[in-house]
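Student: I have a model open and would like to learn how to read its features one by one. Could you walk me through it?

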Amino acid sequence: MKTGFSKRCITPPYGIAIGGYFRPRRVKGVLDDLYARVVVFDDGESYATIITLDLIDLPENMFERIKDAICDATDIKREAIFINCSHTHTGPRFGYDGATDEESPEYYNEFFVNNVKTGVLYALDDLKESTIETAKTEAKRIAFVRRFRMKNGKVLTNPGVGNPEIDHPLSEVYEGVHLVKIVRQGGKDIYMVNFGCHADTTGGEFISADYPGQLCKILENAIPDTHCMFLQGCEGDVNHHDVHPSKARAEVNKRRADYRCSISEYMGRVLAGAVLSVASLTEEVKADKLSFKVRIVDLPSYQQNEKLEEAKALYDLYRREGRDALPYEGMEVETVLGEASRIIKLENGPLSFPYTLSAIKIGDMVFAGIGGEAFTDIGNRIREDSPYENTVVCCLTNCTGGYIPTSVAYEEGGYEARSSKLAPGGDNIIVDGILDLIKEL
Ligand SMILES: [Zn+2]
């Protein structure tokens, strides 16, 4: 197997809308640059490429534009393109941004698409004979399930650090780190790191790749002659808030006020530490042949027209008087706004939407890609039932999908299930569909 790597800067210009919150934000400066990182695989008969983007997500048409550009410029087949977003909340929003009510400007869209394509061309120029090794480990206490049962029986997402009304988290976090180490003859090694947690530690109006960027920087410094890329795993119900922090962790949170990267740096260090703990213990996997498949499935929409009037009234109030006029606090504001905007958008359908499943198999190893922000349990089910020991599960891949809650989460409530455009039961279609696809490779 030959592999090539490249990295291109995609940091947005001043003033561009930043995606991630209901509040409008615009680029005012740069804490650290955003990158598109590209690995190309070549088994002598065909190519496949895995691209990671320091972006919150991409709209459907931007995934397609990148694929068009790559297919026009190279011999890489469309189904062999695997694009994963890190979900940083301090990066641009391509396409429509609800908070600023603006579309990303075409000159920046074009710059971005061209740059990603150029990255693939450079990676093709960098092909080197390689062996592939893997290891699994854990990164402890940097990711936490963010959905809680409160003492009054309610379910809240992000109820707040130290909130005395918290009873227990609704599920268990998956702290697994999957390392794919590509050892290359006459070239730098490539470390692909898969872990699942929201990349939303920084906030504000300064650009940052958040903890995935810190991880790459720290690893590349710790192991000379190494390229690193981060593949976001299932993170829909997981983020960095430790609701019962140690004294030292509480200090890290506090430092964020004047040194905004303190939490992402902390997480990047823990994650890099986990990778370093197994970096010399990787085992070679068979990596002779490439195969790849993409399938589009239909997912049911979560239309709730019985709640339409209520939703419209709430959204009107928000548009007229701002979020402070709403009779809710903290994350409950995001929850009711997310729910209202979902109900309004789906008033006239569609009753279902297309959703892309992607899989690339390299010898005995599989990269499984699903769109949107899947809950932890969905990743667990795919890993457990996949016939391949090395199944790297990535969300935010090759299509948008919003939150992908488990069926049981709808009964529980909370931000993700109430705002998701996906109706209950969609998780089973995704899990069954991706497992079928993996088995067909
Ligand atoms: Zn999210």
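Student: Let me begin with a loop. Between which strands does Arg141 lie?
Tutor: First, a reminder that this is a predicted model, and local features are read where pLDDT is at least 70. Arg141 sits in the loop that runs between strand E8 (128–138) and strand E9 (144–145). Its phi is positive, about 55°, although Arg141 is not a glycine.

Student: And is Arg141 buried or exposed, or something in between?
Tutor: The idea is to count neighbours: 20 or more other C-beta atoms within 10 Å makes a residue buried, 12 or fewer makes a residue exposed, and partly exposed is in between. Arg141 has 14 other C-beta atoms within 10 Å, so it is partly exposed.

Student: Which other loop residue has a positive phi although it is not a glycine?
Tutor: Asp225 is one, with a phi of about 60°. Look for Asp225 in the loop between helix H3 (210–222) and strand E16 (226–232). Asp225 counts as exposed because 9 other C-beta atoms lie within 10 Å.

Student: I also like to check omega. Where does a cis peptide bond occur?
Tutor: For that you look for an omega of about 0°, and the bond joining Gly349 and Pro350 has it. Pro350 belongs to the loop between helix H7 (331–345) and strand E20 (352–362).

Student: Now sheets, please. What is the strand order in the open sheet of three strands?
Tutor: The order is E11-E10-E12, and the pairing is antiparallel. Strand E11 (155–157) and strand E12 (166–169) are at the edges with a single partner strand each, so one side of each has no neighbour in the sheet. Ignoring direction, neighbouring strands of this sheet are turned by 40° against each other on average.

Student: How many bridges join E10 to E11, and which residue is the partner of Arg147?
Tutor: Strand E10 (residues 147–150) and E11 run antiparallel and are joined by three bridges. Arg147 has Thr157 of E11 as its bridge partner, and Phe148 stands opposite Leu156 in E11. As a general idea, side chains in a regular strand alternate between the two faces of the sheet.

Student: What happens in the hairpin between those two strands?
Tutor: Four residues lie between the strands E10 and E11 in this hairpin, and Gly153 takes a positive phi near 95° there.

Student: And how do E10 and E12 pair?
Tutor: They pair in the antiparallel sense, over three bridges. In that pairing, Met150 stands opposite Ile166 in E12.

Student: Let us turn to a helix. How many residues of H8 are buried?
Tutor: Helix H8 (residues 376–385) has seven of its 10 residues buried, so reading it as mostly covered fits. The buried ones are Thr376, Asp377, Ile378, Gly379, Arg381, Ile382 and Arg383. Their cover includes strand E21 (365–370), strand E23 (390–394) and helix H11 (426–440). Strand E17 (238–239), strand E22 (373–374) and strand E24 (403–404) are also included in the cover.

Student: Which helix holds Ala313, and how far is Ala313 from Lys117?
Tutor: Ala313 lies in helix H6 (residues 308–321). It is exposed, with 11 other C-beta atoms within 10 Å. Ala313 and Lys117 are 196 residues apart in sequence, and their C-alpha atoms are 44 Å apart in space.

Student: Which domains does the assignment give?
Tutor: The domain assignment gives domain 1 (2–288) and domain 2 (304–348). Taken over C-alpha atoms, their centres are separated by 30 Å. Five residues from domain 1 and six residues from domain 2 form the contact. On the domain 1 side, the touching residues are two nonpolar, three polar and no charged.

Student: Finally, what does the whole chain look like in numbers?
Tutor: The protein chain has 11 helices and 24 strands. Its radius of gyration is 21 Å, close to the 22 Å that the globule rule gives for 441 residues, so the chain is as compact as a globular protein of that length. Along the principal axes, the C-alpha atoms fill a box of roughly 60 × 50 × 45 Å. Buried residues make up 50% of the 441 residues. Of the contacts with a separation of 6 or more, 79% come from residues 24 or more positions apart.

Key
Residues numbered from 1 in each chain as written. Predicted model: local features only at pLDDT ≥ 70, side-chain atom pairs only at ≥ 80, totals over all residues. Contact = placed C-beta atoms within 7 Å. Rg over C-alpha atoms; globule rule 2.2 N^0.38 Å. Pairing = 2+ DSSP bridges. Axes fitted to C-alpha atoms, helices over the stretch in contact; angles between N-to-C directions. Domains from an automatic or database assignment. Nonpolar A, V, L, I, M, F, W, Y, C, P; charged D, E, K, R; others polar.
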